Amino acid sequence: RLQIIDRKKNIFKLSQGEYIRPEYIQNCYKLSRFIANIFVYGNSLKNHLVAIIVPDFEALEQVGFSQKDVEENNVALIELIKKDMIIQEENAKLNGFEKIKNFKLMTEEFSAENGLLTISMKLKRNVARKKFEK
């Protein structure tokens with residue numbers, strides 16, 4: 001039985017041999033009210049996933065955080081987002097290897113103008129990987 005789970009060029013393998021479908025994982029986390037956009041990354045040398053997250057600033061303002069808190073890596077803000085991510089992981093029933101272990105908050109929205117999105121608003125994974133690979 002053949003089952004298509006994601007685009008072939010987007011699937012990658014972690015060091016323990018598990019195949020990851022990043023678009024599915026990104027869509028699970030995007031259901032969080034605090035996440036406007038997310039880029040999930042992993043490679044065959046590591047056994048966990050990392051992410052770049054662009055927060056939803058309107059939702060953050062409703063709970064008392066600002067863009068300055070994102071720029072300063074406010075610990076309370078990071079904990080708030082982590083807790084909401086855990087809820088999304090449980091709702092989506094993600095396996096342990098599909099869960100994000102570490103993330104970085106960014107203030108710059110993904111857009112076609114900065115080269116991170118295609119015209120059809122899909123993430124350019126290779127461009128994003130090169131931009132955030134540090």
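Me: Before we start, what does "contact" mean here?

Reply: Contact means heavy atoms within 4.5 Å. Keep in mind too that this is a predicted model. Now take Ser32: leaving aside its neighbours within four places in sequence, Ser32 is in contact with Asp84 and Gln88.

Me: Where in the chain is Ser32 placed?

Reply: You will find Ser32 in the loop between helix 1 and strand 3.

Me: Is Ser32 buried or exposed?

Reply: The cut-off helps here: a residue is buried under 20% relative accessible area. Ser32 has 3% relative accessibility, so it counts as buried. Its side chain also makes a polar contact with the side chain of Asp84, at 2.3 Å.

Me: Asp84 has come up twice now. Which residues of helix 4 are buried?

Reply: They are Leu77, Ile81, Asp84, Met85, Gln88 and Glu89. Seen down the axis of helix 4, these buried residues fall within an arc of 150°, so they line one face of the helix. The general idea is friendly to remember: an α-helix has 3.6 residues a turn, so residues three or four places apart point the same way.

Me: And what does the face of helix 4 turned away from its buried side carry?

Reply: That face carries the exposed residues Val75, Lys83 and Glu90. On the buried side, the residues of helix 4 pack against several elements, including helix 1, strand 3 and strand 4.

Me: How do I read the span and the ends of helix 4?

Reply: Begin with the span: helix 4 covers residues 75–92 and reaches 26 Å from its first C-alpha to its last, close to the 26 Å expected at 1.5 Å a residue. At the N-terminal end, Asn74 is the cap, with a side-chain oxygen 2.8 Å from the backbone nitrogen of Ala76. After the helix comes Lys93, whose phi is positive, near 55°.

Me: Which residues of helix 5 are buried?

Reply: In helix 5 (residues 125–132), Arg125, Ala128 and Phe132 are buried. Looking down the axis of helix 5, its buried residues fall within an arc of 65°, so they line one face of the helix. The face turned away from that side carries the exposed residues Asn126 and Lys130. Among the elements that the buried residues of helix 5 pack against are strand 3 and strand 4.

Me: How many bridges join strand 3 to strand 4?

Reply: Six bridges join them, and the two strands run antiparallel. To follow one pairing, start at Ile38: its bridge partner in strand 4 is Ile53. Strand 3 itself (residues 35–41) is mostly covered, with five of its seven residues buried.

Conventions:
Residues are numbered from 1 along each chain as its sequence is written. This is a predicted model: local features need pLDDT of at least 70, side-chain atom pairs count only at pLDDT 80 or more; totals for chains, interfaces and linings use all residues. Side-chain values use heavy atoms; hydrogens and water are left out. Buried means under 20% relative accessible area, exposed over 50%, partly exposed in between (1.4 Å probe, protein chains only). Helices (H or I, at least four residues) and strands (E, at least two) are DSSP runs, numbered from the N terminus. Two strands pair if DSSP finds at least two bridges between them. The arc is that of the directions from the helix axis to the C-beta atoms. The expected span of a helix is 1.5 Å times one less than its number of residues. A polar contact is a pair of N or O atoms within 3.5 Å; within protein, one must be able to donate a hydrogen and the other to accept it, and residues adjacent in sequence count only if both atoms are side-chain atoms.
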